[in-house]
Amino acid sequence: MSESFDLIVIGAGPGGYVCAIRAAQLGMKVACVEKRATLGGTCLNIGCIPSKALLQSSENYEELVHKFADHGITAEGVKFDLARMQARKGEVVGANVKGVEFLFKKNKVTWLKGHGKIVSAGKVEVEGQVYETKNIVIASGSESVPLKGVEVDEKQIVTSTGALELEKVPGHLVVIGGGVIGLELGSVWRRLGAEVTVIEFLDRITPGIDGETGKMFERVLTKQGFKFKLKTKVTGAEKTEKGVTLTVEPAAGGTPEKIEADVVLLAIGRRPYVEGLGLDAAGVALDEKGRIKTGHSFETNVLGIYAIGDVITGPMLAHKAEEEGVAVAEILAGQHGHVNYFAIPGVVYTWPEVATVGFSEEEVKAAGVEYKAGKFPFTANGRARAMGDTDGFVKIIADKKTDKILGAAIIGPDAGTMIAELALAIEFGASAEDVARTSHAHPSLNEAVKEAALLVANGAALHI
Ligand code: FAD
Ligand code: NAI
């Protein structure tokens, strides 16, 4: 008989590995099954971390070429070495995934290498061995959504995985989908010299984001050179010797048009990954979108089988998966783990960055809540002027009667770092006045948060 555990986690992404570590900290005997050669899941291997490494390298290059001259700094013969950039990305990923391996050893989590299949509640099969366990947490993540007629080969027609591995800057990169992946990876290749066209089915990019912020985002990216074809659908992709010929037409139907691309990036969303998990045999139910159905405590319809992260409902974000990993481990230890979904920030790591938390103005309106909003532009922030980064604003939405903060959106330099203040404010149930009365260092970008809060609380900011 193989070894038995208190908990077996399937998948070592941010949901699974964090769950395994927290459960071990709480005294459980834990194993984590991972079939990839390294730990860390999509996020560390082919998602968050490699994309941010390339975003940083390409942003450094763009700053040197386009932004430094304004500061009186000129550099001649600036070049980049794509092979070195890619190698550095690999080193960054390597350090992160090794870090998780170290954490597993430190916390005595057993890594069961291979594909995990649930035999039944309490039994998981890995590479022909069956392990017994009191509980199972599924954290199997997600995969790219395919598109009929656009066959991915990860060379000419790529998903994010192939777009992170290109060995040559494409002359023309056509992105299908104006969402987070398309705009982040589109930014990487545009900065390095590609012409980038984004084909989006809807009439706007980043559909989940506050409308006014999304519009500003589109304007800024257009200024940077992005071309957008909104309300457009792709009906076919034909590979040629030189690249790919796409056939597109208006979303509502109409005259088709051909677009030539060197590389096509398909980024129209991600879907839950449940292949080979044995869910049917175990009787685990899925919802209408193919996600594993869970109740309040992350338990599926089968006693002792839980699920977290991208494979269940909610935003497909690494930190959301991590929060759920901690919560389910604490619940299994008899504690009161919970996740406040209202306070989970979302960040697009372009430049400027776009960050949101809580409700958008559209959501508040649709819910019929009486609200007030304050918007402070970075053009009126001293630090942003000193940086030469004045595109964007901070927008805060609060309940009209109670002044409680309901949501926020920031587009601007380091928005992804700045949003943490507003996520904390929401977590603590703060009012706009609480934020407005908090001393903010001068000169800092976060003063724009204080000023937006003043606009909401007092109806007047100090510096505009
Ligand atoms: P995953 O990270 O997908 O991990 C699941 C793991 O389970 C995988 O390693 C898989 O091999 C393994 N697995 C699956 N089935 C089995 C099985 N049967 N047996 C064994 N192993 C199995 N999110 C952010 O918050 N910030 C970002 O900046 C960000 N950038 C991204 C960039 C890109 C290009 C992509 C694609 C995603 C990005 N995301 C980002 C999303 C983020 O990666 C996911 O939300 C996160 O990885 C989800 O974590 P997870 O643990 O649910 O699943
Ligand atoms: P997405 O959901 O962000 O965007 C997909 C876009 O494609 C939407 O605008 C949608 O309207 C459009 N679309 C859908 N079908 C289409 C079609 N047939 N033709 C044209 N457009 C179409 O999905 P994306 O960009 O693939 O990213 C997947 C997920 O990965 C994100 O939702 C996010 O959760 C996660 N992610 C997070 C990042 C971050 O936090 N910084 C970075 C990258 C990914």
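## Aromatic contacts in a predicted model

The structure holds four aromatic pairs. Keep in mind that this is a predicted model. Two of the pairs are worth a walk-through here.

Start with tyrosine 61 and phenylalanine 80, which meet edge-to-face, with the planes at 75 degrees and 4.8 Å from centre to centre. Tyrosine 61 belongs to helix α3 (residues 48-67), while phenylalanine 80 sits in the loop between α3 and α4 (82-106), so the pair links distant parts of the chain, 19 residues apart. Phenylalanine 80 is partly exposed, at a relative accessible area of 28%.

Then there's phenylalanine 342 with phenylalanine 359. Why is this pair called tilted? The planes stand at 45 degrees, with the ring centres 4.9 Å apart, and tilted covers whatever is neither under 30 degrees nor over 60. Both partners come from loops: phenylalanine 342 from the one between α9 (318-332) and β18 (346-348), phenylalanine 359 from the one between β19 (353-358) and α10 (361-366). The pair therefore ties together parts 17 residues apart in sequence.

Are these two rings buried or exposed? Phenylalanine 342 comes out as partly exposed, with a relative accessible area of 25%. Phenylalanine 359 also counts as partly exposed, at 41%.

Lysines get in on the ring action too; here are two cases where one lies over a ring face.

| Lysine | Ring | Distance from ring centre |
|---|---|---|
| Lysine 29 | Phenylalanine 5 | 5.0 Å |
| Lysine 113 | Tryptophan 111 | 4.5 Å |

How values were computed:
Residues numbered from 1 in each chain as written. Chains lettered and ligands numbered in written order. Predicted model: local features only at pLDDT ≥ 70, side-chain atom pairs only at ≥ 80, totals over all residues. Heavy atoms only, no water. Phe/Tyr/Trp six-rings, centres within 6.5 Å; stacked < 30°, edge-to-face > 60°. Helix = DSSP H or I, 4+ residues; strand = E, 2+ residues; numbered from the N terminus. Buried < 20%, exposed > 50% of the residue type's maximum accessible area, 1.4 Å probe, protein only. Lys NZ or Arg CZ within 6 Å of the ring centre and 35° of its normal.
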